[in-house]
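I opened the notebook on this structure and set myself a short list of things to look up: backbone exceptions, helix packing, aromatic pairs and cavities.

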Amino acid sequence: MTENPDSYPPIAEHGMIGDMRTAALVSTRGGIDWFCCPRFDSPSVFASLLDPERGGHWTITPTCEVSNTQQNYFPESNILVTRFLTVDGVVEVQDFMPVLRAHDPDHRQLLVRRVVAVRGSMRMRVTVDPRMDYGRAAHSVRRDERGIWFLGADLELCLRTSVDLRHENTGGAAGEFRIAHGETELFVLEVLEPGDHRDPPPDRPADVEGLFDATAAFWRGWLSACTYTGRWREMVQRSALTLKMLTYEPTGAIIAAPTTSLPERIGGERNWDYRRVWLRDAAFSLYALLQLGFTEEAEAFTGWLCARFRAPSDEEFGPLRVMYTVDGDSDPTEEELRHLAGYRGSAPVRIGNAASEQLQLDVYGEIFDALYLFDKYDTGLSLDTWRHLTETLDWLCTHWDRPDAGIWEKRGVEGRHTFFRLMTWVAIERMIRMARRRGLPGDIAEWTRARDTVHRQILEEGWNEELKAFTQRLGEPILDASMLLMPMVKFTSPTDPRFLSTLEAIEEHLTTDSLVFRYDADAVDDGMDAEEGTFSLCSFWYAEALTRAGRLEDARLVLEKMFTYANHLGLYSEQIGLSGDQLGNFPQAFTHLGLISAALNLDRALG
């Protein structure tokens, strides 16, 4: 298996396109390196990002030497443009997945690649090399009047193109063509279920032009509902568009990232499947959507969240799990794909995520906080939902003093995490607020006793006198960036001496420039290799904590520095290495949620 770094474009050198059902990553080299269909969590068709030899790809690139490449989004849209600049000319590859209208019952899953000659004349090479089921399943290729078909693994892909392609022994298709100024060549790949005999995908310039215009209009129309017009409008809007692409429209769920197994350290083993819906991320998503004015998305997501409470309660895990599929199922299976090399040799490649079997009790606080905001700023929660919430809170009040895996999902290690208790306090406090504001039934007296007990435990056991800081676990001297959230969830005043001292300790021990580590990995045995990058979300938490503490100039500097770590399109992966490389799954919703919150709150504080 190849581990040649030159075979792998840097993670940051990718843009994302999608149709709110799945997404594809397109590199600045002109390759679609990652594409799962028909859903985010379906097996991959193109996965050269994890193995250039066995993963499959779809690449369009000049045959001559390229002087420079550029990549940008068509304004206010998720249509991606990759430009190749050579001495012979300039060619654009315009990539998009058509979205014509919201909740379209006639939606067709198309991957459109339009090649346009901007200047001069250039010879181009195209290779379409699908590998079904993560490269595990064989497929056949046939050609008829509708196009070139790739058939296998209960999937049918139909490719229509204006270019003559030949069959390859690998099970793909390839060819070369010359394109001159003013000319356009088209490639349209449709994803079909077996036996679907609808009309062939479009391949005429006028039809594809119509898809392009309609898709651009959809994204611009959606973005027009954004209420933010502040200093960092471009970065916030790109984050909002990214979150929308990570939404599974049929259910309203938002996934953590569209990829799996992109490493937190090159050559390391912290490689996870993020094509799931984490309840923690979900709660922050709801907050961001409400803050930006996207109430329709907030309502859809709230409906998805509330439906999870209706599942049968589990005595071990409680009424909720940590994560779900986009359909709302809890799938604990995790599998290693040993035939794939992994990104730059970073094995194992995993599909599924066994962290769904972990006990992570902080999720209740995040969910209750999000629903509290929804109840406050929207039409309110239904009576049935309130009943489910009170039953869930009663369970939490009984089980809150248990060890759990924590927010960072340490495998095989449980502890008495301070952050879990912080979010337990949030859950109880928000339910008390809602009950009193709306006169809803609930054992407020018992809830109040539990809330105050949790509060006292955090102050007495979560505080470390030697470090002068709140710590990761009760009674243990380990700092954790999650403590930056204390004033954001109203547990402390942002100018409380204990919080300010915690902030200073995190600055001294976990921060390098504007970049923040989650915790000291060398001090925590989580059963994995210790080294990892800084956590992008924590850096945005840091900026927001500085804002709330009144250090506005420091906060602005940190935020502006963090913007420089985005890729050329304004996208972020989960982590940033000390050399500035993007690491981990990409793009990550959690990071973009943190950016939105930090930018909005600092903008408001600056006036």
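Strands and helices here are DSSP runs, a strand having at least two residues and a helix at least four, numbered from the N terminus. The model is predicted.

**Entry 1, backbone.** I started from the rule that most residues other than glycine have a negative phi and most peptide bonds are trans. I then looked for exceptions. Pro348 sits in the loop between β20 (334-336) and β21 (350-352), and its peptide bond with Ala347 is cis, with omega about 5 degrees. I noted another cis bond from Phe586 to Pro587, where omega is near -20 degrees. Pro587 belongs to the loop between β28 (582-583) and α13 (589-606). For phi I wrote down Glu76, a residue other than glycine with a positive value near 55 degrees. Glu76 is in the loop between β6 (68-73) and β7 (80-85).

**Entry 2, α3 and its partners.** I took α3 (residues 233-245) with α2 (residues 205-223) and read an angle of about 115 degrees, the axes being 11 Å apart. The crossing of these two helices is right-handed. From α2 the contact takes Trp219, Trp222 and Leu223, and from α3 it takes Gln237, Ala240, Leu241, Lys244 and Met245. I sorted the contact of α2 with α3 by class and got six nonpolar residues, one polar and one charged.

Next I turned to α3 with α13. Their axes cross at roughly 145 degrees and come within 9 Å. This crossing is left-handed. On the α3 side I listed Met235, Val236, Ser239, Ala240, Thr242 and Leu243; they meet Ala589, His592, Leu593, Leu595, Ile596, Ala599 and Leu600 of α13. By class, the contact of α3 with α13 has 10 nonpolar and three polar residues, and no charged ones. I marked Ala240 in both lists, as it takes part in the contact with α2 and in the contact with α13.

**Entry 3, aromatic pairs.** How many aromatic pairs does a search of the whole structure find? I recorded 21. One that I followed up is Trp425 with Phe491, edge-to-face, with 85 degrees between the planes and 5.2 Å centre to centre. The two residues are 66 apart in the chain, and the pair links distant parts of it. Trp425 is in helix α8 (residues 418-438), while Phe491 is in the loop between β23 (469-470) and α10 (497-509).

**Entry 4, cavities.** I searched for enclosed space and found four cavities of 30 Å³ or more. The largest holds about 320 Å³. Which residues come closest to its centre? I noted Tyr274, Trp408, Glu409, Arg518 and Glu574, out of 22 lining residues. I then split the lining of the largest cavity by class: 10 residues are nonpolar, 10 are charged and two are polar.

Technical notes. Residues numbered from 1 in each chain as written. Predicted model: local features only at pLDDT ≥ 70, side-chain atom pairs only at ≥ 80, totals over all residues. Heavy atoms only, no water. 1 Å grid on protein atoms, 1.4 Å probe; cavity = no way out; pocket = protein on both sides within 12 Å on 5 of 7 lines; lining within 4 Å. Points joined across faces, edges and corners; volume = space filled by probe spheres on them. Nonpolar A, V, L, I, M, F, W, Y, C, P; charged D, E, K, R; others polar. Axes fitted to C-alpha atoms, helices over the stretch in contact; angles between N-to-C directions. Left-handed = near helix turned anticlockwise from the far one by under 90°. Contact = heavy atoms within 4.5 Å. Phe/Tyr/Trp six-rings, centres within 6.5 Å; stacked < 30°, edge-to-face > 60°.
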